[in-house]
Amino acid sequence: MRPLSSTPVTLLATLLPLGATTSTTPSDTCANSTDPYTLYPVTTNITIPEIAARTNRSLCDIARHNLMADPLIPPNIGQTIVIPPLSCASSPPDNESCLIPNTTRTALCINGGPRLYYTVNGDTYDIIARRLNISTAALMGNTSTSTAKTSSADTLLEVGQFIKVPLCEPSQCSIKPFTLEYGVYKDLADEYGTTVGQIMMLSPTYNYSTSLMTGNTRPTLDLPFNCSATGADVVVVD
């Protein structure tokens, strides 16, 4: 274990179940619209930004109406993406607020658990570290696999791998089931003081949902919140 500086940090480790809650909903204008949704079948390798450009919609409108974990996760061939009606379009077009900023990250560990990240389509070590808000070097240095030793930060990773994430200790946090009615994981991370990556780690097989259009049951996630350190001497658990 490596010691950290004495700077106060917020951490996550112990998870306590609480009652369910729901997220925000689309605007009244969109909710009351009679314009139809349409479906975009994914038949070739394509990204969500490319679908947005082809359908003349903003990236974040598509992402939030599809309840996406991260709009930069490429969809798989055979999946179907909901295209919201023009009456639901943000003004001005919003192609940024749903994305994780690519800022300088210096944290050596995540603010709590869990420990294992499940890789998805399009993942690299740098993308995973961005979702966890830790430095890419800290993530790669913590991973003992041969892939981490021979790959660059931008090498595409095989889907379905488990990547061990460095953990800050000691800490505690609560977790509650959360019904995602509208939005993306970044919206939840910003509101509840967690990271997109940690939410993904607690619901590793979820990517997106068309339930906003189909009327099916909205996805229920495990949401970490109210995380805090439980001691003054914080260390990194590799």
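**Exercise 1. The largest cavity**

Determine the volume of the largest cavity in this predicted model, and establish which residues line the largest cavity.

*Solution.* Step 1: the volume of the largest cavity is about 40 Å³. Step 2: a search of the whole structure for cavities of 30 Å³ or more returns one. Step 3: the lining of the largest cavity consists of Ile48, Met68, Asp70, Ile73, Pro74, Pro75, Gln79, Ile81, Asn207 and Tyr208. Step 4: sorted by character, these lining residues comprise seven nonpolar, two polar and one charged.

**Exercise 2. The annotated domain**

State where UniProt places the feature "domain: LysM", and describe the span of residues 48–84.

*Solution.* Step 1: according to UniProt, in an unreviewed entry, the feature "domain: LysM" lies at residues 48–84 and 120–166. Step 2: within residues 48–84, helix accounts for 41% of the span and strand for 11%. Step 3: the C-alpha atoms at the ends of residues 48–84 are 13 Å apart.

**Exercise 3. The disulfide of Cys60**

How many disulfides does a search of the whole structure find? Identify the partner of Cys60, assign the handedness of the disulfide, and classify both cysteines as buried or exposed.

*Solution.* Step 1: the search of the whole structure yields two disulfides. Step 2: Cys60 is joined to Cys98, with an S to S distance of 2.2 Å. Step 3: the pair connects distant parts of the chain, 38 residues apart, with Cys60 in helix α3 (residues 59–65) and Cys98 in the loop between β4 (80–83) and β5 (116–118). Step 4: because the torsion about the S-S bond of Cys60 and Cys98 is about -80 degrees, this disulfide is left-handed. Step 5: the cut-off for buried is under 20% relative accessible area. Cys60, at 1% relative accessibility, is therefore buried, and Cys98, at 2%, is also buried.

**Exercise 4. The disulfide of Cys109**

Identify the partner of Cys109, locate the two cysteines in the chain, and derive the handedness of their disulfide.

*Solution.* Step 1: Cys109 forms a disulfide with Cys168, and their sulfur atoms are 1.9 Å apart. Step 2: this pair also links distant parts of the chain, since Cys109 belongs to the loop between β4 and β5 while Cys168 belongs to strand β7 (residues 167–169), 59 residues apart. Step 3: the torsion about the S-S bond of Cys109 and Cys168 is about 90 degrees, so the disulfide is right-handed. Step 4: Cys109 has 3% relative accessibility and therefore counts as buried; Cys168, at 3% relative accessibility, is likewise buried.

Terms used:
Residues are numbered from 1 along each chain as its sequence is written. This is a predicted model: local features need pLDDT of at least 70, side-chain atom pairs count only at pLDDT 80 or more; totals for chains, interfaces and linings use all residues. Side-chain values use heavy atoms; hydrogens and water are left out. A disulfide is a pair of cysteine sulfur atoms within 2.5 Å. Helices (H or I, at least four residues) and strands (E, at least two) are DSSP runs, numbered from the N terminus. Buried means under 20% relative accessible area, exposed over 50%, partly exposed in between (1.4 Å probe, protein chains only). UniProt positions are given in the numbering used here, feature names are shortened, and annotations may be inferred rather than shown by experiment. On a 1 Å grid over the protein atoms alone, a cavity is a set of points where a 1.4 Å probe fits but cannot get out, and a pocket is an open set with protein on both sides within 12 Å along at least five of seven lines; lining residues have an atom within 4 Å of a point. Grid points are joined across faces, edges and corners, and a volume is the space filled by probe spheres set on the points. Ala, Val, Leu, Ile, Met, Phe, Trp, Tyr, Cys and Pro count as nonpolar, Asp, Glu, Lys and Arg as charged, and the others, Gly among them, as polar.
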